[in-house]
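Here's an informal walk through a few spots in this structure that reward a closer look. Have the viewer open and follow along.

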Amino acid sequence: MEEEERNMRELTDQEAEALCTRLRSFLIDSVSRTGGHLASNLGAVEITVAIHRVFDTGRDRLVFDVGHQCYIHKILAGRAGQMDTLRTLNGLAGFPKPAESVHDAFIAGHASNSVSVAVGMARARTLRGEDYQVLALIGDGALTGGLAYEGLSDAGSSGEPLIVILNDNGMSITKNVGGVAEHLARQRLKPQYLRFKAGYRKVMGVLPGGKRIYRITHGIKTAIKGTLLPCSMFEDMGFAYLGPVDGHDVRRLTRLLQYARELKGPVLLHIRTTKGKGYPPAERNPDKFHGVGRFCVESGEAVSRGGTDFSAVFGQTLCALAEEDERVCAITAAMQSGTGLDVFFARYPQRSFDVGIAEGHATAMAAGMAKQGMIPVFAVYSTFLQRSCDMLLHDVGIQKLHVVFGVDRAGLVGADGETHHGVFDIGLLSLVPGMTVYCPASFAELRRALRQAVAECTGPVAIRYPRGGEGPWQGDAGPAPAAVLREGKDITLVSYGTLINQVLDAARLLEERGISAEVVKLYRITPFDGELLCASAAKTGCVLAAEECAAGSAVGPRIAAALLEGGIAVKGFALQNLGDKYVPHGTVDELRTLCGLSPEAIAKRAEEVLGRG
């Protein structure tokens, strides 16, 4: 791909169309070898090329919403040669990352914030007297998030020059008002009409009394239009609305962006695209190709297939519980397949609710259902549960409502990086008075925990489990808050979740070095019960707590407090976690090694606690 080094604004329309074709082929080939977000990027090829033809993303600010559609942007911004490192340790991030390039205006990974960020940038530009354009590229799915409407409402009333590009690839955004409306939409987007409008505005701006005449004629036109046709909600918010338009027509998109730039106010360009465009397997099954591993380009089939994972076990167990109790309901925030709820939704459609990208709403809705006697189970990725902070504390916590949270993707998730690691939920959940938090380390323990959460607990409950499958330890240590998995006399190693596998391996390494390590596995971390740990620490005299979470979210300080309150004097105590930093992207094993959570690193830290390092 040599075009990314060329001034995009020099391309002819024919060259731009040819470039789009080559970009698609390059993208499919590249992602087939690295994995990544394919369907969303295929749908955004033409709009991204058009943006780069009209704007300079090194100076103008292009803000992505969610950001998984940024691959073409990265290629055009000089990173085509690094695409083979996509989502690998020290390689290209799968989302926009300002630290990676000046062309990445703002970090992305969660949904619905792009318009708010863009308004902030536009206002900063005005206050500093600078000259650059601001664009927000937001998908229709992100409009299910309330923050998007807060941003749109403020942006439309701000008067700030900015362009919001709405990429509509499936959801109906504007009301269908029939053939007349569609005809008028086509007419008002014709190049000659747009040129006339721009010219008329410019002439009226310089003629004596022209601005007053323009305001009068514009008001008359708006009144007539409002009488004949309903306005779009975006026009009601204060935007100049352009669309809907074919999002795969790079010529027309280029002209419309040029026109939008000249309007010098809030503009919303509504484009319609096909997710997975240009690659039949992705067009037929865009959900499957939203996020993919390595695959065969010819067939579209995955190169390797994974086995049963925690999400699937969660969904299967929830189905069994729903069969036993008709009060059990499932809630997801646009992650039905990802959270293992496909079978539940098929079997119990009346008790299945997908609220879209609206985690705060999902939590508040669950609280309402629980208050009226249902047992709602909200399956949500750990990183997206963060968006429900106020609802957890206010709507669920105060009334001690029986809402169950299946916290999927807890811990390190790998290639998606900083924005997606589930390493903050423990601190968030533990803040809620009356919350119970289970951390199963195996499929058997997940089944037990979900049954306890649904059928035995009475207040809010969370069960946190990782992405993927279980490790070598596949037992069930029982319902007690903690259990000893391995007896020892020199040091207590404590952990929870699937990291217990690395801790057990570390204990074996220590045994080879003449050190007897006792391994304590926590099953319930909130409310914290330190009785067994105190007994173990009293025996060994040293404690190392290993956790796959951020330092500020760790259980370790509660362990130390329990020892102090219990009067247990230890010779050595240490915390081994992800520290006070955001963890980059890479494989989970690579990141554990990087952060000191590999078996060797844990064993070495244990030796240091014992004074043998």
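Let's start with arginine 409, which counts as buried because its relative accessibility is 14%, and the cut-off for buried is under 20%. Keep in mind that this is a predicted model. Arginine 409 sits in the loop between β9 and α18. Its backbone is a bit of an oddity too: phi is positive, about 55°, although arginine 409 is not a glycine.

Stay in that loop, between β9 (404–408) and α18 (425–430), and you will come to glycine 417. At 0% relative accessibility, glycine 417 counts as buried. Setting aside its neighbours within four places in sequence, glycine 417 is in contact with Val583, Pro584 and His585. Its C-alpha atom is separated by 9.5 Å from that of threonine 88, and the two residues are 329 residues apart along the chain.

Lysine 264 is another non-glycine with a positive phi, again about 55°. You'll find lysine 264 in the loop between α11 (250–263) and β5 (266–272). Is lysine 264 buried or exposed? With 56% relative accessibility, lysine 264 counts as exposed.

Now for arginine 592, which is part of helix α23 (residues 588–594). Arginine 592 counts as buried, at 10% relative accessibility. So what does its side chain do? Here are its polar contacts with other side chains.

| Side chain | Partner side chain | Distance |
|---|---|---|
| arginine 592 | glutamine 502 | 3.4 Å |
| arginine 592 | glutamate 548 | 2.6 Å |

Leaving out neighbours within four places in sequence, the residues in contact with arginine 592 also include Leu412, Thr498, Leu499, Leu597 and Ser598.

Glutamine 502 takes us to α20, where Gln502 is one of the buried residues, along with Ile500, Asn501, Val503, Leu504, Ala506, Ala507 and Leu510. The cover over these buried residues includes β12 (482–486), β13 (491–496), β14 (517–522), β16 (542–546), α23 and α24 (599–609). Does the length of the helix add up or fall short? At 1.5 Å a residue, the 13 residues of α20 (residues 500–512) should span 18 Å, and the end C-alpha atoms are 19 Å apart, which agrees. After α20 comes glycine 514, with a positive phi near 80°.

On to the aromatics. A pair of rings is described by the distance of the centres and the angle of the planes. The count here comes to 12 aromatic pairs. One of them is phenylalanine 289 with phenylalanine 295, edge-to-face, at 5.6 Å centre to centre and 90° between the planes. Phenylalanine 289 is buried, at 2% relative accessible area, and phenylalanine 295 is buried as well, at 5%. Phenylalanine 310 and tyrosine 465 give a stacked pair, 6.4 Å centre to centre with 25° between the planes. This pair links distant parts of the chain, 155 residues apart: phenylalanine 310 is in helix α13 (residues 310–324), while tyrosine 465 is in the loop between β11 (461–464) and β12. Phenylalanine 310 and tyrosine 465 are both buried, and they form one aromatic cluster with Phe314 and Phe443. Elsewhere, the charged end of arginine 125 sits over the ring of tyrosine 132, 5.9 Å from the ring centre.

Lastly, a couple of cis peptide bonds. One runs from glycine 243 to proline 244, with omega near 0°, and proline 244 belongs to strand β4 (residues 240–246). Another joins threonine 526 and proline 527, with omega about -5°. Proline 527 is in the loop between β15 (524–526) and α21 (531–540).

Methods: Residues numbered from 1 in each chain as written. Predicted model: local features only at pLDDT ≥ 70, side-chain atom pairs only at ≥ 80, totals over all residues. Heavy atoms only, no water. Helix = DSSP H or I, 4+ residues; strand = E, 2+ residues; numbered from the N terminus. Buried < 20%, exposed > 50% of the residue type's maximum accessible area, 1.4 Å probe, protein only. Polar contact = N/O pair within 3.5 Å; in protein donor to acceptor, adjacent residues only side chain to side chain. Contact = heavy atoms within 4.5 Å. Expected span 1.5 Å × (residues − 1). Phe/Tyr/Trp six-rings, centres within 6.5 Å; stacked < 30°, edge-to-face > 60°. Lys NZ or Arg CZ within 6 Å of the ring centre and 35° of its normal.
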